[in-house]
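Hello,

Here is the structure I said I would pass on. My notes on it follow below the entry.

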Amino acid sequence: MIVTVTMNPSTDRTVLLENRLERGDVQRAVSTREDPGGKGVNVARALLASGVDATAILPGATDDPFLGLLAAAHVPTLTVAIDGRIRSNLTITEPGGTTTKINEPGPTLDEHAQAQLVELIVATSDGADWLVLAGSLPPGVADDFYARIVRAVREGATSAPRIAVDTSGPALIAVVEAGLALDLIKPNAAELAELLGSSSEAELEAGPSAAIALAQSIPADRVRASLVTLGSVGAALVTSEGTWFARAPRVEARSTVGAGDSSLAGFLVASTEGAAPAAALARAVASGAAAVSLPGSIVPTREQVDPSVVDVTPVGDAADLPKELS
């Protein structure tokens, strides 16, 4: 079983446009859909779609419409009651997959709610295969909150799970710099550049060499493994056992929303089934590609994910990457 934590969940409304987005103009939508969202929720949905047991933990009032969306999606959920409504995020998708997102900040969480969430996470994740801490932190929550959760779980659980973190900005920096030997982080190019204060997103996505070199520079006492997603380029897995790069298969892009979350879910699916690192990376990349080919924030099923179409290359040092890959 895998437990996901979404501190700042959202109702995700996706609007697919007929033509390219033009500022200040009236435009027609081809379709709209509404899904329960937030990184941890998306990961849980993708895990469940692949037949892996998952439970989503999040803050939310019992009468919040968001919980109705989760129930309709058959996502097992545990909540801590809060004041205020779960936020709504708007995603505008143009033909070709170009995506514009407008994200609300979310309700403020007081210290009492935060303490209740930590207690719930410790109890629920005891004995789980993985605990996934994913997404942004809402107003009122300190940047080091994920580090607080990691410490509490490892100190309070009889059988502590492996812990994966997928966040960004100060929250990612704080949990990595805490020196907790996180089992996995899943940064994209922009998040990796911000974490290590080096390079630009464009440079990292132009080819995997720079991203791999950065990920390899993270000390093992901070992070044991990094799954670095690089958009249409593919993804890299950097661990103490070795480094691998996987080129993304070509797909017709319909929406990039949640693709990274599906990639993380794919990796966790393979990991819980005992796959070797290279095979787990292949499933991660195949899952992300499958998500991109689907509209809105729909997550792929196991049948829609084909790791056999993904080529994985072992990498010793980033400088040793074949020229056709670098």
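The buried residues of helix 1 (39–49) pack against elements from many parts of the chain: strand 1 (2–6), strand 3 (29–37), strand 4 (54–59), helix 2 (65–72), strand 8 (130–134) and helix 9 (259–272). Please keep in mind that this is a predicted model. Helix 1 is mostly covered, with eight of its 11 residues buried. The buried residues are Gly40, Val41, Asn42, Val43, Ala44, Arg45, Ala46 and Leu47. After the helix comes Gly51, which has a positive phi, near 85°.

Val41 also turns up in one of the nonpolar cores, a set of 43 residues that includes Ala164, Ala248 and Val305. In soluble globular proteins, nonpolar side chains tend to be buried together.

The largest nonpolar core is another one, of 52 residues. Met7, Leu131, Leu133, Ile149 and Leu182 have the most contacts inside it. Helix 4 (residues 145–156) supplies the largest share of this core, seven residues. For Leu182, leaving aside residues up to four places away in sequence, the contacts are Val150, Arg154, Ile163, Val165, Val175, Val176, Arg222, Val223, Arg224 and Ala225.

I also looked at Val80, which belongs to strand 5 (residues 77–80). Is Val80 buried or exposed? Its relative accessible area is 7%, under the 20% cut-off, so Val80 counts as buried. With residues up to four places away in sequence again set aside, Val80 touches Leu58, Pro59, Gly60, Ala113, Gln116, Leu117 and Leu120. Pro59 lies 21 residues from Val80 in sequence, and their C-alpha atoms are 4.8 Å apart.

Now the chain as a whole. Its secondary structure comes to 10 helices and 14 strands. The radius of gyration is 19 Å, which agrees with the value near 20 Å for a compact globule of 326 residues. Along the principal axes, the C-alpha atoms fill a box of roughly 55 × 55 × 35 Å. Of the 326 residues, 52% count as buried. Among contacts with a separation of 6 or more, 66% are between residues 24 or more positions apart.

On the surface, the accessible area comes to about 13,800 Å², and carbon and sulfur atoms account for 48% of this. The chain has 23 positive and 39 negative charges, and the mean positions of the two sets are 4 Å apart.

Regards

Methods
Residues are numbered from 1 along each chain as its sequence is written. This is a predicted model: local features need pLDDT of at least 70, side-chain atom pairs count only at pLDDT 80 or more; totals for chains, interfaces and linings use all residues. Side-chain values use heavy atoms; hydrogens and water are left out. Helices (H or I, at least four residues) and strands (E, at least two) are DSSP runs, numbered from the N terminus. The radius of gyration is taken over C-alpha atoms; the globule rule is 2.2 Å times the number of residues to the power 0.38. Buried means under 20% relative accessible area, exposed over 50%, partly exposed in between (1.4 Å probe, protein chains only). Contact means heavy atoms within 4.5 Å. Accessible areas come from the Shrake-Rupley method with a 1.4 Å probe; for residues, only the protein chains shown count as cover. Lys and Arg count as positive and Asp and Glu as negative; His and the chain ends are not counted. The place of a charge is taken as NZ of Lys, CZ of Arg, CG of Asp or CD of Glu. A nonpolar core is a set of buried Ala, Val, Leu, Ile, Met, Phe, Trp, Tyr and Cys residues joined through side-chain atoms within 4.5 Å.
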